[in-house]
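User: Hi! Could you walk me through a structure with me today? I'll keep my questions short.

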Amino acid sequence: QVQLVESGGGLVQAGASLRVSCAASGRTFSTYAMGWYRQVSGKEREFVARISRSSVITDYADSVKGRFTISRDNAKNTVYLQMNSLKPEDTAVYYCAADLLYSRPVYAYWGQGTQVTVSP
């Protein structure tokens, strides 16, 4: 099992950048594919980005492609989401997730989330 703790959320203005992090503990971090999802209150949780165990494969939602970058540091047991050119519609709780299978539709392990708020 793996435990996930997100950090780095906050309030920024539109056009700014922000990096959120997710620290993992438990079983070997490098065996997990990692993902970021987000959820607005009252709406379904949506996929943002994911990265394979060795960082060879990444995938992004169309809404963030070209603005967000997912990366990981297996030596630090951490996955990052660099968010540039933020828009008010990026406001959400951002969740980190992990799974042994990169392509699984819903990842097995989740963090508690970190709030990102983008003001106009």
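User: Let's jump straight in: is R38 buried or exposed?

Analyst: R38 is buried, as its relative accessible area is 6%. Buried here means under 20% relative accessible area, exposed means over 50%, and partly exposed lies in between, using a 1.4 Å probe and protein chains only. Before we go on, this is a predicted model, where local features need pLDDT of at least 70, side-chain atom pairs count only at pLDDT 80 or more, and totals for chains, interfaces and linings use all residues. Residues are numbered from 1 along each chain as its sequence is written, and side-chain values use heavy atoms, with hydrogens and water left out.

User: Good to know. Which side chain meets R38 in a salt bridge at 2.9 Å, N to O?

Analyst: That is D90. The criterion for a salt bridge is a side-chain nitrogen of Lys or Arg within 4 Å of a carboxyl oxygen of Asp or Glu. R38 sits in strand β4 (residues 33–39) and D90 in the loop between β8 (78–83) and β9, so the pair links distant parts of the chain, 52 residues apart. Strands are DSSP runs of E with at least two residues, and helices are runs of H or I with at least four, numbered from the N terminus. D90 is buried too, with a relative accessible area of 1%.

User: And what about E46, where does that come in?

Analyst: The side chain of E46 also forms a salt bridge with R38, at 2.5 Å from N to O. E46 is partly exposed, its relative accessible area being 36%.

User: How many salt bridges does the structure hold?

Analyst: Six. One of them pairs D99 with R104, whose closest N and O atoms are 2.8 Å apart. Shared partners also join R38, E46, R67 and D90 into one network of salt bridges.

User: Back to D99 and R104 for a second. How accessible is D99, and how accessible is R104?

Analyst: D99 is at 2% relative accessibility and counts as buried, while R104 is at 36% and counts as partly exposed.

User: Switching topic: how many disulfides does a search find?

Analyst: One, from a search of the whole structure. C22 and C96 form this disulfide, with their sulfur atoms 2.1 Å apart; the cut-off is a pair of cysteine sulfur atoms within 2.5 Å. C22 lies in strand β3 (residues 18–26) and C96 in strand β9 (residues 92–99), 74 residues apart, linking distant parts of the chain.

User: Left-handed or right-handed?

Analyst: The torsion about the S-S bond of C22 and C96 is about -75°, so the disulfide is left-handed.

User: Last one: are those cysteines, C22 and C96, buried or exposed?

Analyst: C22 is buried at 0% relative accessibility, and C96 is buried at 0% as well.
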